[in-house]
Every structure is written in structure tokens, then in C-alpha cells.
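Me: I should like a close look at a single part of this protein model, namely its aromatic rings. Please explain how they are arranged, step by step, for a first-year student.

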Amino acid sequence: MVDRDHLWDGDINETVVEEWKDETTPFERIREVLRSTTHPQYASQLAERARVSEPTARKHLEILTEAGIAETVTTGHGKQYKRSPQTVAMQRIRDLHAQLSREELTNGIRNLRERIHTYQEEYDATDPDDLALQFASVDDAEWDILAEWRALERDLDVAQAALALYDFTPDTDSRSGVSHSDRGNHGAFARESEFGASV
């Protein structure tokens, strides 16, 4: 019979970490930690988070760097590691492709192009760099305009790449037998945090 009066006095976080260690290899943990790292960190910091030794972390980080998944930054205290911009972009492309149908991506791309065209018409500029040349000095309001336009351009590139993946995948997922057209709705085209604003 379970003693309901006895409260478990263990550390839930440590239990989760132990399960994570049991279910993954050191390389998988380093790769996972790196993917969630937004600022460069030393191998020792990444090792601590991944629950591996520093030499093990350094070995796997060098492999990830050679593969283009990680980048290094040299500081006065040694080498730091961060995820590469290409890795971030590819993850966003894969996520969009998995979450959105071809039709949703097509509609989202149309919307992004319309918003970019609005900037081009309003400011008589071909792109953000062209607009920046028109500004004598960039104040906060003008910087916001440039930043949003650049974000739209990046989002368009990502969305177009996600759409292009449909041309490189079979119509039917061999594992599930479900065609891409049968996947149904996958939610809004993008969250505001990913695409600057909902589209």
C-alpha cells in the first residue's frame, strides 16, 4: 500500500537529467545543448550543461565545427563555441516544412512579398540597404523600419526554402502512408516571434 503521507524528497530536476543521460549519448547531449545556446560559450560551460567531461565536450564540439554545425570564437581566454547561422536557418526551414502545408507556405510567401512591396512603394527603395543610403542618419524610428524590412526578407528566404522542400520529398511519407496534402492545417503561417509579425 502506498504511503500517501510520505512526500517524495528527491530533486525532480536531477531525476530528469539522469533520465536524459541514460537515454542519450555524450555526443547527442553536446549537440542538443549547442542547439539551445544563443551566445558563444566555452567547452567547459557546455560540458557542464551536457553532463560530460570537458575533454569529451571539446572533442565533440570540434566534430560539430568541422561539420558546419558549430562555429568558434577566439577570445583572450580561449575558444568559445556557438551554433552556426546555417544551422539555425536549416532548423527553421525544417520546422516550417514539417508544420505547414504547401498551400499555407504559398499563402504566407504571397503575404510576405506584399508587405515587402509596400515598403518598396512607400520609401521608393529596392531593399533595406537602398533605403539605408537614403537616410542621412538613422534614428530609432528609421532603424525599426530597416530592421523589420530585413526581417521580412529573411523570413521570405526561409519560407521559400521550406516550400522548395516539397519538390524534393515524395508525395507520400513511406513511414506513415500519409500524403503531404492530407496533413491538414498546421496552424498559422508563423508566430510573431519567428516572422516579425503574424502573416
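Reply: The account below treats the aromatic rings first and then turns briefly to other parts of the chain. The model is a predicted one.

A general remark is useful at the start. Two aromatic rings are described by how far apart their centres lie and by the angle between their planes. In this structure, two aromatic pairs are counted. In one of them, the ring centres of Tyr119 and Tyr123 are 6.1 Å apart and the planes stand at 20°; since planes under 30 degrees apart count as stacked, this pair is stacked.

Where do Tyr119 and Tyr123 lie along the chain? Both belong to helix H6 (residues 102-123), and because they are four residues apart there, about one helical turn separates them. A general property of helices is relevant here: an α-helix has 3.6 residues a turn, so residues three or four places apart point the same way.

Is Tyr119 buried or exposed? With a relative accessibility of 13%, Tyr119 counts as buried, because the cut-off for a buried residue is under 20%. Tyr123, at 21%, counts as partly exposed.

The other pair also involves Tyr119. Its ring and that of Trp149 have centres 5.4 Å apart and planes at 15°, so these two rings are stacked. This pair links distant parts of the chain, for Tyr119 is in helix H6 whereas Trp149 is in helix H8 (residues 140-164), 30 residues apart. Both Tyr119 and Trp149 are buried. Tyr119, Tyr123 and Trp149 thus form one aromatic cluster.

Another ring has a charged residue over it: Arg29 lies over the face of Trp20, at 5.9 Å from the ring centre.

Burial can also be examined in helix H3 (residues 43-50). The buried residues of H3 are Ala43, Leu46, Ala47 and Ala50. They cover an arc of only 105° around the axis, and therefore they lie on the same side of H3. Just after H3, Arg51 adopts a positive phi of about 60°.

Finally, there is the sheet. Three strands form an open sheet in the order S1-S3-S2, and their pairing is antiparallel. Strand S1 (41-42) and strand S2 (70-75) are at the edges; each has a single partner strand, so one side of each is left without a neighbour in the sheet. S1 and strand S3 (residues 78-83) run antiparallel and are joined by two bridges. Gln41 has Tyr81 in S3 as its bridge partner.

Notes: Residues numbered from 1 in each chain as written. Predicted model: local features only at pLDDT ≥ 70, side-chain atom pairs only at ≥ 80, totals over all residues. Heavy atoms only, no water. Pairing = 2+ DSSP bridges. Buried < 20%, exposed > 50% of the residue type's maximum accessible area, 1.4 Å probe, protein only. Arc of directions from axis to C-beta. Phe/Tyr/Trp six-rings, centres within 6.5 Å; stacked < 30°, edge-to-face > 60°. Lys NZ or Arg CZ within 6 Å of the ring centre and 35° of its normal.
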